[in-house]
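Trainee: I should like to learn how to read the features of a structural model in an orderly way. May we work through an example together?

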Amino acid sequence: EYKLALLQCYGRYLQQFISVNLDDVMDDVDHFKSTFFPNGIGDKKAVLTFHALQARNVCIYQMVCSRDRNLQNPESLQTCLNVLTSLRLTMQVALPQENLCWLIYNGTIHIYTICRHLMMMGQSAKVLEYLLWASICMESSLPLLSVHYLTWRATLYTAVSQCYFDCQAGIHGEIFARRGLIKIDELKQLEDISSSLEHTETEKIFREATLKMSVMIFKRAVYESRRKSNGFRHKSKVNPRKALSWPRTTTERLLLEMFDGAAAQFLAILEALSSSSRKLLPPHPPVPDETEIRDVTSELFSAGLEILSGNSLKKQPPFYFENIFVITAGEKGVSGDAAVKFVKLAFSYEEWDVFYSALEFVDSFLQTQDDPKWKKAEMELKLLTLMQPLVFPGKFERSFSITDDTSKEASTLQGSEKTQKIRSECCSQLLKPEDPLYNLMILATTVSSYVSTSEQNVHPDKEILVDVVMCLWQKCKTELQQIQMSGSDCLEYIHKHQAYQWVHILWIMNEIIEKSYIADMNIMFAEITLCLAAILENVADS
């Protein structure tokens with residue numbers, strides 16, 4: 001549909017101005033204006049032209065996403081950057097015209113959407129200038145300075161600050177957030193003079209906007225304030241089940257000073273622990289390896305666990321970031337999304353005691369929910385519990401049994417009767433706790449059952465599926481390559497070394513890759529498929 005709209009609608013309309021490549025006139029603002037607005041910006045056709053130029057960029061971006069969502073091709077990334085440049089140029093020309101404020105507003109949304117996508121792909125340094133431009137546009141258009149648009153303006157401010165943090169320039173992220181607070185306060189003073197909205201509504205808007213900025217300030221301040229106190233050393237980790245009431249630590253005192261209500265405090269904790277450079281796997285302690293940073297991280301997790309254990313979870317939808325959720329300063333409840341995020345962060349930081357304690361609260365909440373969204377979250381957290389003994393063997397025992405559920409889920413696997421029989425026989429041999437392959441087989445069969453269901457909306461996120469497959473491959477790779485190199489003696493080798501289970505896990509890995517459509521997300525998946533093909537060829541020749 002986007003391709004059709006581009007070629008037969010917007011592109012066809014713009015051909016009346018230029019017959020060559022439209023991108024050729026995007027480098028110079030004067031050339032751009034003379035080409036598309038020969039009669040000036042005030043011409044009747046100008047509005048249609050602005051709309052066509054902006055919509056053309058949206059179509060181009062959507063077409064890139066449809067063929068290369070992860071932007072693995074350098075050309076895809078460059079096309080996205082070209083789209084951002086074109087959007088900025090179009091907005092620059094339209095900005096002086098107040099009657100085109102709708103185009104400026106829509107342009108900021110398009111820029112934000114594309115920039116957030118590129119930020120998740122690790123391209124924050126390349127999109128920072130465009131997010132800054134979008135923020136300044138909201139401030140430069142008089143109609144967009146009203147309270148009605150403050151929530152969106154604060155969202156853009158937060159995106160800019162986050163971009164700075166991603167670029168390891170946290171001090172600039174904090175400075176920009178403080179600048180945002182000043183802008184919000186200026187608007188509040190004007191609004192107090194003459195308010196056009198209900199007082200309670202405007203108060204809510206200002207609280208949420210202020211909260212977003214405060215969270216970004218806290219994100220850096222909670223660590224830097226401790227670094228400055230080089231003589232201070234936190235004596236030991238706080239046990240939230242035994243400690244007295246708040247504030248128990250320096251971090252909790254800062255939380256109480258800056259935020260009103262458990263929901264706002266929990267949001268600040270999540271953002272302080274989140275980093276674009278931190279992935280779910282492999283889990284690792286804070287970097288850099290400084291005692292003060294480790295202390296702050298532990299205090300953040302202890303505070304988060306205390307809030308989670310003392311508050312009921314709420315089914316709130318996500319807000320403007322994947323890691324920031326709808327909350328209002330002063331609320332007591334913690335959103336279910338935020339709680340799930342907290343558990344995943346505890347896993348990532350190797351905070352195993354917090355991970356399993358928080359998992360108890362979150363799992364109780366998820367068990368009572370019927371929405372596919374929560375079923376998906378339940379699956380993802382279960383996969384983490386299954387991976388934990390693999391990435392850190394012997395560290396912790398699982399806090400709840402998953403064997404029965406796994407057996408039930410495995411029964412939903414699709415395939416021929418013969419295939420099911422082979423799997424059943426393999427599992428009956430393997431699913432014994434004393435067997436070294438026990439945890440590997442449980443993880444493999446569980447994730448396979450998850451991706452075999454026809455309900456796509458409950459499949460775990462592809463990022464987690466990639467992590468699971470890579471974890472399995474790293475644990476099995478050496479043994480499988482030995483089988484592969486056995487050549488024409490493959491069957492004899494498999495029988496001699498009881499290696500059937502390794503091949504079975506390899507087969508399951510390939511099924512997961514196929515059914516979850518993640519083959520193009522990691523080049524090593526090709527190695528997995530080639531390994532299976534080589535082993536099967538060797539078996540056929542044996």
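Mentor: Let us begin with the aromatic side chains, bearing in mind that this is a predicted model. The structure holds 18 aromatic pairs.

Trainee: How is one such pair to be described?

Mentor: A pair of aromatic rings is described by the distance of the centres and the angle of the planes. Here, the ring centres of F32 and F36 lie 5.2 Å apart and the planes meet at 55 degrees, so this pair is classed as tilted. An angle over 60 degrees would be needed for the edge-to-face class.

Trainee: Where do F32 and F36 lie, and are they buried or exposed?

Mentor: Both residues belong to helix α2, and their separation of 4 residues is about one turn of the helix. F32 and F36 are both buried. They are also members of one aromatic cluster, formed by Y13, F17, F32, F36, F37 and F50.

Trainee: Let us turn to charged side chains. How many salt bridges does the structure contain?

Mentor: A search of the whole structure finds 14 salt bridges. A salt bridge requires a side-chain nitrogen of Lys or Arg within 4 Å of a carboxyl oxygen of Asp or Glu. The side chains of D192 and K188 satisfy this, with an N to O distance of 3.7 Å. Both partners sit in helix α8, which covers residues 170-193, and they are 4 residues apart, about one turn of the helix.

Trainee: Why is D192 called exposed, while K188 is called partly exposed?

Mentor: Exposed means over 50% relative accessible area, and buried means under 20%. D192 is exposed because its relative accessible area is 54%. K188, with 27%, is therefore partly exposed.

Trainee: Which salt bridge joins D337 to another side chain, and where are the partners placed?

Mentor: D337 meets K373 in a salt bridge, at 2.9 Å from N to O. D337 lies in helix α13 (residues 336-348) and K373 in helix α15 (residues 372-391), so this pair ties together parts that are 36 residues apart in sequence. D337 has a relative accessible area of 12% and is therefore buried, whereas K373, at 31%, counts as partly exposed.

Trainee: What is the salt-bridge partner of K344?

Mentor: K344 forms a salt bridge with E380, and the closest N and O atoms are 2.7 Å apart. K344 is in helix α13 and E380 in helix α15, so this pair likewise ties together parts that are 36 residues apart in sequence. K344 counts as buried at 17% relative accessibility, and E380 counts as buried at 3%. Elsewhere, salt bridges that share partners join E174, R178 and R220 into one network.

Trainee: Which residues gather in a patch of negative charge on the surface?

Mentor: The patch consists of D24, D27, D28 and D30. Of these, D28 can serve as an example: its place is in the loop between α1 (2-14) and α2 (29-36). D28 has a relative accessibility of 36% and so counts as partly exposed.

Trainee: Finally, how should I read a residue such as G107, and is it buried or exposed?

Mentor: One should state its place, its accessibility and its separation from a chosen residue. G107 is found in helix α5, residues 101-120. At 0% relative accessibility, G107 counts as buried. G107 and L84 are 23 residues apart in sequence, and their C-alpha atoms are 9.6 Å apart in space.

Terms used: Residues are numbered from 1 along each chain as its sequence is written. This is a predicted model: local features need pLDDT of at least 70, side-chain atom pairs count only at pLDDT 80 or more; totals for chains, interfaces and linings use all residues. Side-chain values use heavy atoms; hydrogens and water are left out. Patches are made of residues with over 30% relative accessible area and no salt bridge: like charges are joined within 9 Å, nonpolar side chains (Val, Leu, Ile, Met, Phe, Trp, Tyr) within 5 Å. Accessible areas come from the Shrake-Rupley method with a 1.4 Å probe; for residues, only the protein chains shown count as cover. Lys and Arg count as positive and Asp and Glu as negative; His and the chain ends are not counted. The place of a charge is taken as NZ of Lys, CZ of Arg, CG of Asp or CD of Glu. Helices (H or I, at least four residues) and strands (E, at least two) are DSSP runs, numbered from the N terminus. Buried means under 20% relative accessible area, exposed over 50%, partly exposed in between (1.4 Å probe, protein chains only). Rings of Phe, Tyr and Trp (its six-membered ring) pair if their centres lie within 6.5 Å; planes under 30 degrees apart count as stacked, over 60 as edge-to-face and the rest as tilted.
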